[in-house]
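Here are my notes on this one, point by point. Have the viewer open while you read.

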Amino acid sequence: MPVGPRRSRALALASSASALLAVLVVAVAVGSVWVAPDVVIGAVRKGLAGEALRPLETVVWQLRLPRVLLAGLVGGGLALAGVVFQGVFRNPLADPYLIGTASGAGFGAVLVMSAGASVPVLASLGAPVVAFACSLVTVLLVVFLARVDSALPTVRLVLAGVVISSLFTAGTSFLLVAAREQAGGILAWLLGGLAFSTWSQVRLLAAVTLPALALVGAFSRALDLLQLGEEGASLLGLGVERTKLLLLGVATLVTASAVSVAGIIGFVGLIVPHAARLAIGRPHARLLPVAALWGAGFLILADLLARQVIAPVEIPVGIVTALVGGPFFLWLLRRRADER
Amino acid sequence: MSAGVRLAGVSLRFAPAAPRVLEDVSLIVAPGEVVGVVGPNGAGKSTLLRVVTRLARPESGACAIDDVDVSRLSRAALARKVALVAQEPEVPVGYRVREVVAMGRAPHLGLFGSPRAGDEAIVERAMAVTETAAFAERPIETLSGGERQRVVFARALAQEPRYLLLDEPTNHLDLRFQVELLRHARTQAASGLGVLLVIHDLNLAARACDRLVVLDGGRVVAEGAPRDVLLPETLESVFRADVDVMPGPTGPVVVARV
């Protein structure tokens, strides 16, 4: 009898995972040179074993695979963060940018890029660490500003997020103007780019994103209970404030590490969780893994477009996600309006 | 030492300068009895339920459940003791009815435990009793107000509390389901639950409750068996309306003069 939900969960997961695998292979195969899927698989096998690679296999192992995996991790991480923010704020329009997380991380990374040469401390810490520190500061500031007694009312949280976010965006703009000749390069990164992906970035992001996915997955029932409102969740025994802070902290960490390697890529954290929820419904045990897989696939495809549309020139992937995501988002809004 | 929900001299106001919402309220709900709270709008009825569930803290007085002060219970321990069916409960978007009812098992599972066959059986029984099993697989947002009310009641039953607090549970229900719900409340009481019921319909209150507590301006102004409490003098002074009270076959009948 309660077979239905479990089977549908397994089915959604299996089909999403196989679709992602197909997208992965295609994205590695397509590029300035076509690489047949069997060569791709052979290159991966040799790369993992540490064997000598032929030139085409080097392209796969050193250039395309890290880039595609990084796109997958960034996309999956942003979708995960989106599910958490939307679930905690109970606002379908919430995303990793709403509470200033991404702006804070962007500011931190730009700080290192523009002032790192003159302030050696910044350079030695590196962009990811400073980005995470800055986005943690934004979250703490936002929570501090929004707090009433021991509660975090959603409206105050969102308002505080908007204010803090615009402060950090202003700071970033100032750094860009002050950076003068470097500004173009930094701006290109800020718009979202995966062109210079390396295996070390893949390892860094995997070390953050995969454990975060497991942790949030373990809290999926808590995310369900939060949908009953703060009081409703309390009445079913949830320590609401502690749970919210933990989930927001994890989502912040994931967002900051994604931003520090790939710049600010919008719409993934907003659109993907939304679409997944429309397709398969809410219980987070089902929604979380599916949204993460879809986010990964979506960004891999967006990056494929970004490097192929006017090849050999690349456009920032953030522009692609905005061009695809914007209209989709408007369609969603209209759809919701029609339903009412 | 005795089991029951016990309020002793509870007073509370929402802001330092505001008038008291509850003033020196003392009240006991023993296991196995249905206690009704009646009174005009703004009398403090819902606040009373919020004190028991620790959503509101009294400024003086105490509330204890089975001899433990509610402030000393963890949220989960409190949720295993008490279930509240709120007046306008929030309905979570994107869930099927069965999933919403199953949320009632949360305080028994802890954060990371997974539901066992026993939990699923409890959820099934709660849906059968409330006649919500027929739409178990439907998204909750497609249900009517009355159907949602029954789902929320089913969730409270799935919670298997010792005490059941109901805030205007018959609000969106038609006559048949009003009667059904109150019957379920009585059945639950017969099997040992204590039920605290806030209700506007005095005639249903008279039939469903063992005792009635009349609240007015945050104070208890009358308490006792329905036939001793539902007196024209009491009701006219509390509700500021003219009423007739007549003896009926199953208890007093209250009719307002229009």
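1. Start with helix 6 of chain B, residues 145–158. In this predicted model, the helix has 14 residues and reaches 20 Å from its first C-alpha to its last, close to the 20 Å expected at 1.5 Å a residue. Right after helix 6 of chain B comes Glu160(B), with a positive phi near 45°.

2. How many of the 14 residues of helix 6 of chain B are buried? Twelve are, so the rest of the structure largely encloses this helix. The buried set includes charged-looking names you may want to click on, among them Glu147(B), Arg148(B), Arg150(B) and Arg155(B). Val151(B), Val152(B), Phe153(B) and Leu157(B) are also in the buried set. As for what does the covering, it includes strand 6 (82–85), helix 3 (97–102), helix 5 (117–129), strand 7 (163–167) and helix 7 (175–190), each of chain B.

3. Two of those covering elements, strand 6 and strand 7 of chain B, bring us to the sheet. Six strands of chain B make an open sheet in the order 6-7-8-3-9-10, and the pairing is mixed. Strand 6 and strand 10 (219–224) of chain B sit at the edges with a single partner strand each, so each has one side without a neighbour in the sheet. From one strand to the next, the twist averages 15°.

4. For a closer look at one edge, take strand 9 (residues 211–216) and strand 10 of chain B. They pair in the antiparallel sense over five bridges. Val214(B) is a handy marker here: Ala222(B) in strand 10 of chain B stands opposite it.

5. Now the interface. On the chain B side, 20 residues are in contact with 22 residues of chain A. Which elements of chain B give two or more residues to that side? Helix 2 (75–81) and helix 4 (106–109) of chain B do, and helix 2 of chain B has the largest share, at three residues. By type, the chain B side divides into 13 nonpolar, two polar and five charged residues.

6. Chain A is built from 15 helices and zero strands. For its 340 residues, a compact globule would have a radius of gyration near 20 Å, and chain A has 20 Å, which agrees. Its C-alpha atoms fill a box of roughly 60 × 60 × 40 Å along the principal axes. Buried residues come to 48% of the 340 in chain A. Among contacts in chain A with a separation of 6 or more, 74% join residues 24 or more positions apart.

7. Helix 6 of chain A (residues 127–146) passes the length check too. At 1.5 Å a residue its 20 residues should span 28 Å, and the end C-alpha atoms are 28 Å apart, which agrees. Its buried residues include Ala127(A), Pro128(A), Phe132(A), Cys134(A), Thr138(A) and Ala146(A).

8. Last one: Gln86(A), in helix 3 (residues 55–89) of chain A. Is Gln86(A) buried or exposed? Buried, because 23 other C-beta atoms lie within 10 Å, and the cut-off is 20 or more. Leaving out residues up to four places away in sequence, Gln86(A) touches Asn91(A), Pro92(A), Ala94(A) and Pro273(A). By contrast, Val35(A) is 51 residues from Gln86(A) along the chain, and their C-alpha atoms are separated by 39 Å.

Technical notes
Residues numbered from 1 in each chain as written. Chains lettered and ligands numbered in written order. Predicted model: local features only at pLDDT ≥ 70, side-chain atom pairs only at ≥ 80, totals over all residues. Contact = placed C-beta atoms within 7 Å. Helix = DSSP H or I, 4+ residues; strand = E, 2+ residues; numbered from the N terminus. Nonpolar A, V, L, I, M, F, W, Y, C, P; charged D, E, K, R; others polar. Expected span 1.5 Å × (residues − 1). Pairing = 2+ DSSP bridges. Axes fitted to C-alpha atoms, helices over the stretch in contact; angles between N-to-C directions. Rg over C-alpha atoms; globule rule 2.2 N^0.38 Å.
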